[in-house]
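Let's take a walk through this structure together, starting with the overall picture and then looking at a few spots one by one. Have the viewer open and follow along.

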Amino acid sequence: MGLKKYPEYSCCRTQCIFSSHADLLLYEEALEIAQIMDMALDANDMSKVEKSIEISRTYLTNLQKEVKLHSDFLEPHSMFLSRFSAAWIYTKILTLGVSVLERERRYEEAIELLKCLLSRSYCPGQRGSWILRLSIDLEHIGHLEESLLMAEKGIDDAWVRAGDRMALQRRILRLGKPPRRWKKPAFAKAVGRKIEEVNVRGRPLNSATGAKSIFYGYDGQQCSVEQLALQYYSGEEGGCWQGVHSEGGIWMTYFGLLMWDVLFADVPDVFQTSFQTAPLDLRTDSFYPSRESLIEAQLNNIHMGEAEKILAASWEAHFGTSCQGVNWDRHSIIELQTIASCIGGPALAAICRLLAEDYGSWAAGMPDLLLWRTSSDEKDLPCRKCGHSLSHGGNSELCSCCFQDAVNKTGTTGLQGEAKLVEVKGPRDRLSEQQRAWILVLMDAGMCVEVCKINEQPNEGE
């Protein structure tokens, strides 16, 4: 087993995580209840599940009356530390409790819990999910007007973002038809934009509902829908693209490498130990304002086409160091630089901006496939420097070795090309609201995005 290398950063602690020893004990007690809840769910012990829910609800109900809030002693820039509080853990338990009650179709009880959660200020990043669930549960019990009002109220909540916001907007359009509402909301046109779709036929190995779709690929081997789509796009009919099935993986790697100095900048209280792979405030609203000038400067560099040089410098300085989201093994630096050149500075900067401003909301749901192709594909010509074959499939003037040397010297590939993002859906799949939200913001950023629908090829004679 190899040693794990952590990033270099400064631990600047300006305040204690816990205001007192009693606070710490309350936090530990909450963690024990959370563990009991998890074990009870695994054992399907509903009596213990319900007891854990009741303990959590009682604590949160009495908290403001009897106990000083954990956040009362925190500075505004350190509110992210409130996750280390009993209230935060009990809120998570109740959120899980809502799912349990909904699964058993106990919607009235789920509605009570959701209203309890929304009446408090803990875990604000969950508000979008709570409001969406509340609107859906109200519809389940036939309260359509109240369900619509909750959705309309929800989109005005500053904490409702990304996929949750998209889901609420689409609920408003569905529920808010005459005679409930006569006027279309202003966002109707934006939400209803057409998303390009490509249909690909494949021979299925299984057709069971609920099972992961397996197809026979173009090479006759069994493959997933994503692998089948990659095979389609690599052929002439699909456009001769190179590609990877990455979902968010490659984008997290890009964000980590391009924003390394931002992530590990000297910010008070975000690094409590020497064994962190990311600052504690990364998934919170504290991240961007605490580093605004650094972030804006780096985004400007990326937008102006400096991404390849930044990637090269970050790769050389930090290779192998653990950083949240960065995968050192999946792609070579040359491949990352080539893809970045095809994506282009403005689009890459737009994606990094979303993650910098709201990592928690946008870290999931990106399209399955990232495709790219360079503007030149003249692989049979000789290298202009050494005369060898252009076998690497990149630059049309240099072979692999000379190309690598040139990149090492200049820090860029010198390539031009284009990129495309593709969300792949099997025969019985549909877009999630988070995926739809990502597709629309990527379209706004000027990227080519489409949905590839894999359909089952009809049997002969049908």
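What follows goes from the whole chain to its sheet, then to its empty spaces, and last to some single residues.

First, a word of caution: this is a predicted model. The protein chain has 18 helices and seven strands, spread over 462 residues, of which 48% are buried. How far along the sequence do the contacts reach? If you take contacts between residues at least 6 apart in sequence, 69% of them join residues at least 24 apart.

Now find the sheet. It is an open one of seven strands, with mixed pairing and the order 3-2-1-7-6-5-4. At its edges sit strand 3 (222-224) and strand 4 (242-245), each of which pairs on one side only. Neighbouring strands here are turned by 40° against each other on average, ignoring direction. On one flank of the sheet you can look for helix 15 (residues 333-343), which packs on the sheet and touches both strand 5 (369-374) and strand 6 (417-425). The direction of helix 15 makes about 85° with that of strand 5.

Let's follow the pairing strand by strand. Strand 2 (residues 214-216) and strand 3 run antiparallel and are joined by three bridges; you'll find Ile-214 opposite Ser-224 of strand 3. Elsewhere in the sheet, strand 5 pairs with strand 6 in the antiparallel sense, over six bridges, and here Arg-373 stands opposite Glu-418 of strand 6. Strand 6 also pairs with strand 7 (residues 448-456), but in the parallel sense, again over six bridges. In that pairing, Val-424 stands opposite Cys-452 of strand 7. Is strand 6 largely enclosed or open? Seven of its nine residues are buried, so strand 6 is largely enclosed by the rest of the structure.

Next, the empty spaces. Rolling a probe the size of a water molecule over the atoms shows where empty space is left. The largest pocket has a volume of about 1,200 Å³. To get to its centre, look for Gly-125, Gln-126, Gly-128, Ser-129 and Asp-164, which are the closest to it of the 44 lining residues. Which helices help build the lining? At least two residues each come from helix 3 (86-103), helix 5 (127-140), helix 7, helix 16 (345-362) and helix 18 (433-444). Helix 7 gives the largest share, with seven residues. In chemical terms the lining of this pocket is a mixture, with 16 nonpolar, 15 polar and 13 charged residues.

There are closed spaces as well: a search of the whole structure turns up two cavities of 30 Å³ or more. The second largest cavity has a volume of about 40 Å³. Its lining includes Met-252, Phe-255, Gly-256, Cys-323 and Tyr-359, and helix 10 (residues 249-258) supplies the largest share of that lining, three residues. What classes of residue line this cavity? Seven are nonpolar, three are polar and none are charged.

Now for some single residues, beginning with Val-160. You'll find Val-160 in the loop between helix 6 (144-154) and helix 7 (162-175). Is Val-160 buried or exposed? Its relative accessibility is 2%, so Val-160 counts as buried. Leaving aside neighbours within four places in sequence, Val-160 is in contact with Gly-128, Ile-131, Gly-154, Arg-165 and Leu-168. One of these, Ile-131, is 29 residues away along the chain, yet its C-alpha atom is 8.4 Å from that of Val-160. Another, Gly-128, you have already met by the centre of the largest pocket.

Further along, in the loop between helix 7 and helix 8 (188-191), is Pro-179. The peptide bond joining Pro-178 and Pro-179 is cis, with omega at about 10°.

Finally, check the backbone at two residues other than glycine that have a positive phi. Asn-44, with phi near 55°, lies in the loop between helix 1 (21-42) and helix 2 (46-66). Asn-44 counts as exposed because its relative accessibility is 57%, over the 50% cut-off. Cys-240 has phi near 60° and lies in the loop between helix 9 (225-234) and strand 4. With a relative accessible area of 45%, Cys-240 is partly exposed.

Note on methods: Residues are numbered from 1 along each chain as its sequence is written. This is a predicted model: local features need pLDDT of at least 70, side-chain atom pairs count only at pLDDT 80 or more; totals for chains, interfaces and linings use all residues. Side-chain values use heavy atoms; hydrogens and water are left out. Helices (H or I, at least four residues) and strands (E, at least two) are DSSP runs, numbered from the N terminus. Buried means under 20% relative accessible area, exposed over 50%, partly exposed in between (1.4 Å probe, protein chains only). Contact means heavy atoms within 4.5 Å. Two strands pair if DSSP finds at least two bridges between them. Axes are lines fitted to C-alpha atoms, for helices over the stretch in contact, and angles run from 0 to 180 degrees between N-to-C directions. On a 1 Å grid over the protein atoms alone, a cavity is a set of points where a 1.4 Å probe fits but cannot get out, and a pocket is an open set with protein on both sides within 12 Å along at least five of seven lines; lining residues have an atom within 4 Å of a point. Grid points are joined across faces, edges and corners, and a volume is the space filled by probe spheres set on the points. Ala, Val, Leu, Ile, Met, Phe, Trp, Tyr, Cys and Pro count as nonpolar, Asp, Glu, Lys and Arg as charged, and the others, Gly among them, as polar.
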